[in-house]
Amino acid sequence: MTARALHLEWMSQYAEGTATPEIARQLESVLRDDPEFRAIFIEYLNVDLALSSSAVLSPPTIVPVFSWRKLSARFLPIAAAIALILGSTWLFPRAQVRLQRSVGAEFVSAFSSRELIGQSAELKAGLIELNFNQAEAVVVIEAPARFRIEDAKTIRLESGRVTAHVRDGRRGLRVLTPHADVHDLGTRFAVEVREGQRSEVHVFDGKVETSAPGEASAPRDLLTANQARRFVAEHVPEERDVRSGTFVQPEEMKALVAGMKAGQVGRALDAEASLKQDAALVGWVGFETQSGEAQTELGGAVIGARRVQGRFPGQHALEFVDRDDHARLDFNAVARELTLLTWVRLDRVPEGISSIYHTDNWNTPGQVHWMVLNNGQMRFAVFGSRVSNSPQPGEWPESRVPLLGELGRWVHLAAVYEADRRQVSFYANGRLDSVVATTESLPAVLGPGQIGNWNRKPAGDASTRRFSGRMDEFIVLSRALDADEIKHHFEAGTPYR
């Protein structure tokens, strides 16, 4: 281990409160003698304090006092040494725009967290949460994104996604894009820019005004709650469905930070490796390949849907937005027992049914359709087998608890089909929802099919089956996982804590 690597290890131990007194003394000595490492250490402390939001700052000539997790008084001499070395400068000055939280953030080049105004940055992985003090706004930026903090109330978004919660519309936040100038009026909203293509504005609550970019006197359009617009060249607006589910809200950041610190990424990878060794695995559809825009891991074409950030930073999911977005695949299997597992972020589809997985040859015995109804309940249908003893003839098996409370969060869904036992079991986030008895003992037939939108009929058609949101993993096994196995897969794979 090089000397610098050793010093960084001491720094990490110090931050976590696990450094021994001897390591603390050695670290203090290095900080006195090595200005370059001292700068690294100060930046490290600054970021960590911003993330924990627990620093109590002292006047310049007094030793800083930190209400910092796990920090023992025996480590304060290091902070004192830094304060004395820096003399009369503030160690952590209060910034107008500051980094509040970070989830696996990786930048293309150096990004200082002390004063963000005037900085341009390219976020290649993860999420960051910024606090705009003057605008009284909390902003989440999701990778991949290129942006610049113009001033204390303005962010310029060249590509990527921004979600904002502005507490006071009188102060306001401004988001500049290549296609629109967005002025907040006290609201919750999101802006997405597909580089060189288009910008979208989604209003979840309150109001925003939009105008053509760079024209102060340009006419302004007002958007209110549950409205969305897409802008291309010359500020030409196109009405869109609001996609609240795919944007990460500030309230979600705390749980994501906790999940990263708890080691959920490693647990998820271990669970994935274990399940991939299961002899009953029919197919594991992921979206990690660099050619994810063009094909799934089973070789099927991806139409329209694009690869975006998945549950964890640096990993990927497919996002379905437009009516034609879907991915083709063929499991080529027949099974008397079947378990389907997936992670999704759902938007509320204004009409029809949200399609998760549909085989093509419906009206043939054994074909499989899995979906979420407009009321938020799951339906799992095997053609030729209906609900047993149903008061309504021809009813399909459905879950009981609606998923509407899970919109805008990653949710784990599972459906288990057992032909010999004539039943379908539904699970949501590792919990058994219901077991539904069926009429026939038919094997499930998994031929050509697709995930995402299915049969893509015109808007307003009652049989339209869209999928608006993200999908991260789609797993098929030719055996019935039990409740404990499904619970384990959820707990290991959730990005939250």
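**Helix packing and salt bridges in the predicted model**

In α6, residues Gln264, Arg267, Ala268, Ala271 and Leu275 meet His488, His489, Glu491, Ala492 and Gly493 of α7. Sorted by class, this contact of α6 with α7 brings together four nonpolar, four polar and two charged residues. The model in which this packing is seen is a predicted one. Helix α6 spans residues 264–276 and helix α7 spans residues 483–493; the two pack at an angle of about 140 degrees, and their axes are 7 Å apart. Angles over 145 degrees would count as roughly antiparallel, so at about 140 degrees α6 is described as oblique to α7.

A step back to the whole chain helps to place these two helices. The protein chain contains seven helices and 29 strands. Of its 497 residues, 54% are buried. Among contacts with a separation of 6 or more, 60% are between residues 24 or more positions apart. The chain exposes about 20,900 Å², and 50% of that area is supplied by carbon and sulfur atoms.

Charged side chains offer another way to follow the fold, as the structure holds 32 salt bridges. Two of the salt bridges share aspartate 322, a residue in the loop between β18 and β19. Which residues does aspartate 322 touch, once its neighbours within four places in sequence are left aside? The contacts are with Arg198, Arg230, Arg240 and Asn453. Aspartate 322 has a relative accessible area of 23%, and is therefore partly exposed, since buried would require a value under 20%.

With arginine 230, aspartate 322 forms a salt bridge in which the closest N and O atoms are 3.4 Å apart. This pair links distant parts of the chain: arginine 230 belongs to strand β13 (residues 227–231), whereas aspartate 322 sits in the loop between β18 (316–320) and β19 (326–335), and the partners are 92 residues apart. Arginine 230 is buried, its relative accessible area being 6%.

The side chain of aspartate 322 also meets that of arginine 240 in a salt bridge, at 2.3 Å from N to O. Arginine 240 is in strand β14 (residues 237–240) and aspartate 322 in the loop between β18 and β19, so this salt bridge ties together parts that are 82 residues apart in sequence. Is arginine 240 buried or exposed? With a relative accessible area of 19%, arginine 240 is buried, because the cut-off for that class is under 20%.

The surroundings of aspartate 322 also bring in a residue farther along the chain. Serine 468 is 146 residues apart from aspartate 322 in sequence, yet the C-alpha atoms of the two are separated by 7.7 Å.

A further salt bridge joins arginine 479 to glutamate 485, where the closest N and O atoms are 2.8 Å apart. Both partners are partly exposed: arginine 479 has 24% relative accessibility, and glutamate 485 has a relative accessible area of 29%. Glutamate 485 falls within the residue range of helix α7, 483–493, which returns the account to the helix pair described at the outset.

How values were computed. Residues are numbered from 1 along each chain as its sequence is written. This is a predicted model: local features need pLDDT of at least 70, side-chain atom pairs count only at pLDDT 80 or more; totals for chains, interfaces and linings use all residues. Side-chain values use heavy atoms; hydrogens and water are left out. Helices (H or I, at least four residues) and strands (E, at least two) are DSSP runs, numbered from the N terminus. Buried means under 20% relative accessible area, exposed over 50%, partly exposed in between (1.4 Å probe, protein chains only). Contact means heavy atoms within 4.5 Å. Accessible areas come from the Shrake-Rupley method with a 1.4 Å probe; for residues, only the protein chains shown count as cover. A salt bridge is a side-chain nitrogen of Lys or Arg within 4 Å of a carboxyl oxygen of Asp or Glu. Axes are lines fitted to C-alpha atoms, for helices over the stretch in contact, and angles run from 0 to 180 degrees between N-to-C directions. Angles under 35 degrees count as roughly parallel, over 145 as roughly antiparallel, 65 to 115 as roughly perpendicular and the rest as oblique. Ala, Val, Leu, Ile, Met, Phe, Trp, Tyr, Cys and Pro count as nonpolar, Asp, Glu, Lys and Arg as charged, and the others, Gly among them, as polar.
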